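User: Please take a close look at the aromatic ring pairs in this model, and then at the empty space that the protein encloses or leaves open. I would like one connected account with the cut-offs stated.

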Amino acid sequence: MKHKVQYYETDMMAITHHSNYIRWMEEARVDLMDQIGYPYSRMEAEGVLCVVKSLQVNFLKPCTFGDDVDITIGVKDFNGVIITLIYEMKVKDVPVFTGTSEHVFLNREGKFVRMKKAMPEFCAAIEQQMKKP
């Protein structure tokens, strides 16, 4: 996906505030879920929450106001309960950010959901994503 850095996302030096990269990671996750046919709204309607377990981020170069950021997301690992996603952000083919996020699938009571049993179609879609280069 693409994101154009907005003025409000920057500081007085026109450098993107670090918290925005985390928001862009979330935008990419939401976009991925939409693309595989399992938007967050569908998952939540079926009683499953996808909760952030951990984040790891690497700021390589700053983005500035007006930059077009290309955001790539992929599935690094998925065991049916925890999914690990990888992110790369580039401006004009120059890497500016890399990161990973881990998410755990829970029901509304906070108990683990075994996605292979609860949502086999979702698991199949995620496994297809893992096969992509």
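Analyst: The account below begins with the basis of the values and then turns to rings, spaces and a few backbone details.

This is a predicted model, in which local features need pLDDT of at least 70 and side-chain atom pairs count only at pLDDT 80 or more, while totals for chains, interfaces and linings use all residues. Residues are numbered from 1 along each chain as its sequence is written, and side-chain values use heavy atoms, with hydrogens and water left out. The pLDDT is the predictor's confidence in each residue, from 0 to 100. Its mean over the chain is 95, and 99% of the residues reach 70 or more. Confidence is lowest in H4, with a mean of 91, and highest in S5, at 98. Helices (H or I, at least four residues) and strands (E, at least two) are DSSP runs, numbered from the N terminus.

The rings come next. A pair of aromatic rings is described by the distance of the centres and the angle of the planes. Rings of Phe, Tyr and Trp (its six-membered ring) pair if their centres lie within 6.5 Å; planes under 30 degrees apart count as stacked, over 60 as edge-to-face and the rest as tilted. Searching the whole structure gives 9 aromatic pairs. One of them joins Tyr 21 and Phe 59, edge-to-face, with 5.2 Å from centre to centre and 75° between the planes. Tyr 21 belongs to helix H1 (residues 19–35) and Phe 59 to strand S2 (residues 48–59), so this pair ties together parts that are 38 residues apart in sequence. For accessibility, buried means under 20% relative accessible area, exposed over 50%, and partly exposed in between (1.4 Å probe, protein chains only). Tyr 21 is buried, at 2% relative accessibility, whereas Phe 59 is partly exposed, at 43%.

Tyr 21 also pairs with Phe 97: the ring centres are 5.3 Å apart and the planes are at 15°, so this pair is stacked. Phe 97 is in strand S5 (residues 94–107) and Tyr 21 in H1, so the pair ties together parts that are 76 residues apart in sequence. Tyr 21 and Phe 97 are both buried. Through ring pairs, Tyr 21, Trp 24, Phe 59 and Phe 97 are linked into a cluster.

A ring can also have a charge over it, if NZ of Lys or CZ of Arg is within 6 Å of the ring centre and within 35 degrees of the ring normal. Arg 42 is placed in this way over the face of Tyr 38, at 3.9 Å from the ring centre.

Now the empty space. Rolling a probe the size of a water molecule over the atoms shows where empty space is left. On a 1 Å grid over the protein atoms alone, a cavity is a set of points where a 1.4 Å probe fits but cannot get out, and a pocket is an open set with protein on both sides within 12 Å along at least five of seven lines; lining residues have an atom within 4 Å of a point. Grid points are joined across faces, edges and corners, and a volume is the space filled by probe spheres set on the points.

The structure has 1 cavity of 30 Å³ or more, and the largest cavity holds about 60 Å³ of space. Among the residues that line the largest cavity are Arg 29, Tyr 40, Cys 50, Phe 105 and Phe 122. H1, strand S4 (82–91) and helix H4 (120–131) are the elements that give two or more residues to this lining, and H1 gives the most, with 3 residues. Ala, Val, Leu, Ile, Met, Phe, Trp, Tyr, Cys and Pro count as nonpolar, Asp, Glu, Lys and Arg as charged, and the others, Gly among them, as polar. The lining of the largest cavity then has 9 nonpolar, no polar and 1 charged residues.

The largest pocket has a volume of about 310 Å³. It is lined by 17 residues, and Thr 72, Ile 73, Gly 74, Val 75 and Gln 129 are the closest to its centre. Elements that give two or more residues to the pocket lining are H1, strand S3 (68–78), S4 and H4; S3 gives the most, with 5 residues. By class, the lining of the largest pocket has 10 nonpolar, 4 polar and 3 charged residues.
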